[in-house]
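Biologist: Could you take me through one small part of this model, slowly and in plain words? I'd like to see how its pieces sit together.

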Amino acid sequence: MLLPVHRATWSHIWAPAARAAGLPPRTGLHCLRHYFATVLIHRGASVKTVQLALGHSTPMVTLNTYVGEWPEAQERTRALVDSALGRVPRMCPPRSP
């Protein structure tokens, strides 16, 4: 009978598999969780989506933990506004020197 992998027995299964795969020593659940979160973030998942996937209590917990993983957010925000506005004519005349 197959049973679900329990946290207490996880390392007995994981450690040999990780070694066989050539992963660095001590690559465990925490590392896999961080990898999962950063994949979601870098593929464009929202903070709320990452929060729910990780089981964080609030989006703020997710942001506090992974804020450095959204480095391109500012540039992406600019691009979103630029694409929404398109080519906007100048509203003000150029300044005279």
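**A close look at two helices**

Modeller: Let's start with a single pair of side chains: threonine 62 and histidine 56 make a polar contact with each other, side chain to side chain, at 2.7 Å. Keep in mind that this is a predicted model.

Now, where does threonine 62 live? You'll find threonine 62 in helix α4, which covers residues 59-66. Threonine 62 counts as buried because its relative accessible area is 0%, and the cut-off for buried is under 20%. Leaving out residues up to four places away in sequence, threonine 62 touches Val47, Val50, Gln51, His56, Val67 and Trp70.

Pick valine 50 from that list and hop over to it. Valine 50 sits in helix α3, residues 47-54. Valine 50 is buried too, with a relative accessible area of 0%. If you set aside its neighbours within four places in sequence, valine 50 is in contact with Ala37, Leu40, Ile41, Ala45 and Thr62. For a sense of distance, try valine 50 and tyrosine 66: they are 16 residues apart in sequence, and their C-alpha atoms are 9.8 Å apart in space.

Let's zoom out to the two helices. Two packed helices are described by the angle between their axes and the distance between the axes. Here, the axes of α3 and α4 come within 9 Å and cross at roughly 95°. That angle makes α3 roughly perpendicular to α4, because angles of 65 to 115 degrees count that way.

Which residues do the meeting? On the α3 side they are Val47, Lys48, Val50, Gln51 and Leu54, and on the α4 side they are Pro59, Thr62, Leu63 and Tyr66. Sort the residues of this contact by type and you get six nonpolar, two polar and one charged.

Next, look at what α3 hides. Its buried residues are Val47, Val50, Gln51 and Leu54. They lie on the same side of α3, because they cover an arc of only 100° around the axis. There's a handy rule behind this: an α-helix has 3.6 residues a turn, so residues three or four places apart point the same way. And what do the buried residues of α3 pack against? Their partners are α2, residues 29-42, and α4.

Finally, see what comes after α3. The helix is followed by glycine 55, which has a positive phi, near 80°. With that, you can trace the path back to histidine 56, whose side chain is in polar contact with the side chain of threonine 62.

Terms used
Residues are numbered from 1 along each chain as its sequence is written. This is a predicted model: local features need pLDDT of at least 70, side-chain atom pairs count only at pLDDT 80 or more; totals for chains, interfaces and linings use all residues. Side-chain values use heavy atoms; hydrogens and water are left out. Helices (H or I, at least four residues) and strands (E, at least two) are DSSP runs, numbered from the N terminus. Buried means under 20% relative accessible area, exposed over 50%, partly exposed in between (1.4 Å probe, protein chains only). Contact means heavy atoms within 4.5 Å. Axes are lines fitted to C-alpha atoms, for helices over the stretch in contact, and angles run from 0 to 180 degrees between N-to-C directions. Angles under 35 degrees count as roughly parallel, over 145 as roughly antiparallel, 65 to 115 as roughly perpendicular and the rest as oblique. Ala, Val, Leu, Ile, Met, Phe, Trp, Tyr, Cys and Pro count as nonpolar, Asp, Glu, Lys and Arg as charged, and the others, Gly among them, as polar. The arc is that of the directions from the helix axis to the C-beta atoms. A polar contact is a pair of N or O atoms within 3.5 Å; within protein, one must be able to donate a hydrogen and the other to accept it, and residues adjacent in sequence count only if both atoms are side-chain atoms.
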